[in-house]
Amino acid sequence: MPTPDMRRAMATAPLGDDVFGDDPMVNRLEEMAAERLGKEAAVFVASGTMGNLVGVAVNARTGEELIADADSHVFQYESAGAAVVAGVQIRPVVTEGGVMSPEQIAEVIRPRDDPHQPISAAITFEDTHNRHGGVVWPLESLRAAFESAHAHRLRVHLDGARMFNAAVALGVGVADIAACSDTVTFCLSKGLACPAGSVFCGPREAVDDARRWRKRLGGGMRQAGVLAACGVIALDQMVDRLAEDHANARTLAEGLSEMPGVTCDLTRVQTNLVYFDLGGIDAAPFTAECKKRGLLSEGTGPKRMRFVTHYGIDAQDIQAALKICEEVLTA
Ligand SMILES: Cc1ncc(COP(=O)(O)O)c(C=O)c1O
């Protein structure tokens, strides 16, 4: 949910037509994002999904292959956009915690001289990794994977939807993480609390290409400065506070793991996501009962649940959430 400052900024933002490059807030956001991530240029896109799709399209051509973790958002949750829109095949790789080792990368590279096989053109990493529990890539592992990918002539797109969470958790600058990619998408609409929007960053040529893809996908928004204004505030004010979300997630996970039938791998609770498994009750009735009591959650499997901590949820809310969970689990 947007902050009061964001709501005010939306109301007063100077606006122009962004498709013509004339929206001052969008231009400012793009400049800020590129600078923060240490990339040449950036383009504001509608969503993380659009940013990733554009990332696939600029890094691989029709008929080529993109290597991705088997549990990645790109492979699992983007409606096969890579295949349908970009004509790119995804090669899923099963990993431990979303981290791909140089050996794993080497194993799936296709020989370039075999016409039976598609060309391995690009690879995508996800940091933090959603389906693996919001886990953070150790920076050395990400760097090693990036270097290995380049050694195999792969272009690297980082799905950094929650990369600011990763940076805060590691205590490094977001540019250190972005440096392990050619192109990168991050979301403003998740922990950074904007109502909508993501930013795709990379070399100028890739961003120019991405801008064309954005238009093609119907993502050329006109007075998009009302949204970008929130993004500017997000980058200025909402990054450091992510540490609170991480602390709240940990308290929530520790409390949940003491409840009857609940299993939660605490080693994976590194940022703002809490995945856990239910014992007796299924995810659907658990979600419904929690919702009746004002607690929103998401079932991600028959008995698998996900909670997310974010701006607007404080330590007291976590205690209230734990009380609701206990009530539902013991009813
Ligand atoms: C890792 C990851 N990448 C990309 C996305 C897509 O973002 P959006 O919902 O803005 O399309 C999500 C959304 O949950 C995500 O978790």
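Reader: Which strands does helix H13 lie across, and at about what angle does the helix run to S10?

Author: In this predicted model, helix H13, residues 283-292, lies across S8, S9 and S10. The helix runs at about 35° to S10.

Reader: What makes S8 and S9 the edge strands?

Author: The order in this open sheet of three strands is S8-S10-S9, with antiparallel pairing. Strand S8 (273-277) and strand S9 (298-299) each pair on one side only, which is what makes them edge strands.

Reader: How do you know that S8 and S10 pair?

Author: Two strands pair if at least two bridges are found between them. S8 and S10 (residues 304-308) have five bridges, in the antiparallel sense, so the criterion of at least two is met. Within this part of the sheet, Val-274 stands opposite Phe-307 in S10.

Reader: Why is Cys-194 not counted in a disulfide?

Author: A disulfide needs two cysteine sulfur atoms within 2.5 Å. The closest cysteine sulfur to that of Cys-194 is in Cys-230, 5.4 Å away, which is too far for a bond. For Cys-201 the closest cysteine sulfur is in Cys-187, at 11 Å, again too far. A search of the whole structure finds zero disulfides.

Reader: Are Cys-194 and Cys-201 buried or exposed?

Author: Buried means under 20% relative accessible area. Cys-194 has 3% and therefore counts as buried. Cys-201 has 0%, so Cys-201 is buried as well.

Reader: Why is Thr-95 called buried?

Author: The relative accessible area of Thr-95 is 10%, and the cut-off is under 20%, so Thr-95 is buried. Thr-95 is found in the loop between strand S3 (89-93) and helix H6 (102-108).

Reader: What makes the pair of Thr-95 and Asp-69 a polar contact?

Author: The limit for the N or O atoms of such a pair is 3.5 Å. The side chains of Thr-95 and Asp-69 make their polar contact at 2.5 Å, so the distance is within that limit. Leaving aside neighbours within four places in sequence, Thr-95 is also in contact with Met-100, Gln-104 and His-132.

Reader: Which residues come nearest to the ligand?

Author: There are 13 residues around the ligand, of which Gly-48, Thr-49, Asp-159, Arg-162 and Lys-190 come nearest.

Reader: How do you know that Arg-162 and Lys-190 make polar contacts with the ligand?

Author: An N or O atom in the side chain of Arg-162 is 2.8 Å from a ligand oxygen atom. For the side chain of Lys-190 the corresponding distance is 2.9 Å. Both values lie within 3.5 Å, so both pairs are polar contacts. A polar side-chain atom of Asn-130 lies 2.9 Å from an oxygen atom of the ligand.

Definitions and conventions
Residues numbered from 1 in each chain as written. Predicted model: local features only at pLDDT ≥ 70, side-chain atom pairs only at ≥ 80, totals over all residues. Heavy atoms only, no water. Helix = DSSP H or I, 4+ residues; strand = E, 2+ residues; numbered from the N terminus. Contact = heavy atoms within 4.5 Å. Axes fitted to C-alpha atoms, helices over the stretch in contact; angles between N-to-C directions. Buried < 20%, exposed > 50% of the residue type's maximum accessible area, 1.4 Å probe, protein only. Near = heavy atom within 4 Å. Polar contact = N/O pair within 3.5 Å; in protein donor to acceptor, adjacent residues only side chain to side chain.
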